[in-house]
Amino acid sequence: MNSKIWLSSPHMSGGEIKYVNDAFESNWVAPLGPNVNAFEEELAHYLNIKHCAALVSGTAAIHLALINLGVSQGDEVICQSFTFSATANPIVYQGATPVFVDSDPETWNIDPELLELAIRDRIDKGKRPKAIVVVHLYGMPAKMDEILSIASKYEIPVIEDAAEALGSKYNEKCCGTFGVMGILSFNGNKIITTSGGGALISNNHDLIHKARFLATQARDNAPHYQHSHIGYNYRMSNVVAGIGRGQLEVLDLRVKQRRENNKFYRNLLGQVNGINFHTENSKSFSNYWLTSIIIDSKITGVTREDLRKGLEADNIESRPLWKPMHLQPIFSGAPAYTNGFSEYAFENGLCLPSGSNLTDDDRARIAKQLKTILKF
């Protein structure tokens, strides 16, 4: 069998090792340290934002963001339904209820009109949402102008889940820097990785200062271990941050490579009737973390599963789009405001292999298999 072509695998540059070696040579392998401090500063500079806390995961960042906003038992938080479960799970950690809102067909992100309808309805029911969690799905910027206007109108803070969107921009401003707080992920499949990790970003010093405090077990300023708040073990290690520093040096290259993959697929499939790409608009610049398509089987004669299994037959990984949160068994009782788009996209959508380390031979194999399956 041919070697595996992964959907999105880690891509080391070689530059990471010097920072990791620094950590080992100085014996600074515990959480925090010079690499963590530098990684936070370098990320903040790249994003043109004032403050950054490096953490163990993007999930931890969302959790701390919700705590910062005072989300607690009995509250409601509006959350994009078309996303990975890590966006919604921390809402439940806090004893709050997620209120799911469907996506618009253009960006595949939270639908502004449906968002306002949901806010009005929750207020009418006596439940003013405590926060709005917006996702930049697969690296595609959401309609932040409209979303922020609605959020401002109802005075509800916005958290941006930019886990998949590092390097993406909206109106030439980095995704994750529009809301009161933004979150990033450096999981192994992301555009850059620290093996596992995340970050919370904000222009508000107090929010990041509090997040760092809570993420370091909320230890009070005392010579002994004293705690006045519930804390968490959420801070990034100095070794992991070293990997991140090396990865950040090649982020722009990784964005370029992902966008080149997207161009490859568009050139290959763009003339195939019944295949529609997840596409940026005039306001957005996507990192195209994953190139994603929706297949109209009535036109192509091929279903999403036909395509996925056909690629799998040659050891090529692809993946269905996220199953919307309002369809997940764990969230079956949560309020949801839907328009049918995310359900349609889930049933008919596929993420294609998009790693920045795809070779010409990999692309040739993928092209050959797609042509065979789609018969063109």
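**Sheet, cores and rings**

Trainee: In which sense do strand β4 (residues 131-135) and strand β5 (residues 158-161) pair?

Mentor: Good place to start! This is a predicted model, where local features need pLDDT of at least 70, side-chain atom pairs count only at pLDDT 80 or more, and totals for chains, interfaces and linings use all residues. Residues are numbered from 1 along each chain as its sequence is written, and side-chain values use heavy atoms, leaving out hydrogens and water. Strands pair if DSSP finds at least two bridges between them; β4 and β5 have four bridges, and their sense is parallel.

Trainee: Which strands stand at the edges of the open sheet?

Mentor: Strands here are DSSP runs of E, at least two residues long, and helices are runs of H or I of at least four, numbered from the N terminus. The sheet has eight strands with mixed pairing, in the order β1-β9-β8-β5-β4-β2-β3-β14. Two of them have a single partner strand each, so one side of each is left without a neighbour in the sheet: β1 and β14.

Trainee: What angle does the direction of helix α3 make with that of β8?

Mentor: Helix α3 (residues 58-68) packs on the sheet, touching β1, β2, β5, β8 and β9, where contact means heavy atoms within 4.5 Å. Axes are lines fitted to C-alpha atoms, for helices over the stretch in contact, and angles between N-to-C directions run from 0 to 180 degrees. For α3 and β8 the angle is about 165°.

Trainee: Which element gives the most residues to the largest nonpolar core?

Mentor: Such a core joins buried Ala, Val, Leu, Ile, Met, Phe, Trp, Tyr and Cys residues through side-chain atoms within 4.5 Å. This one has 39 residues, with Y138, L184 and F186 touching the most other members. Elements that give two or more residues include β1, β9 and α8, but the most, five residues, come from α2.

Trainee: How are the rings of F100 and F331 arranged?

Mentor: Both are buried (under 20% relative accessible area, with exposed over 50%, partly exposed in between, 1.4 Å probe, protein chains only), with F100 at 0% and F331 at 5%. F100 is in strand β3 and F331 in the loop between β13 and β14, 231 residues apart. Rings of Phe, Tyr and Trp (its six-membered ring) pair if their centres lie within 6.5 Å; planes under 30 degrees apart count as stacked, over 60 as edge-to-face and the rest as tilted. Here the centres are 5.2 Å apart and the planes at 65°, so the pair is edge-to-face.
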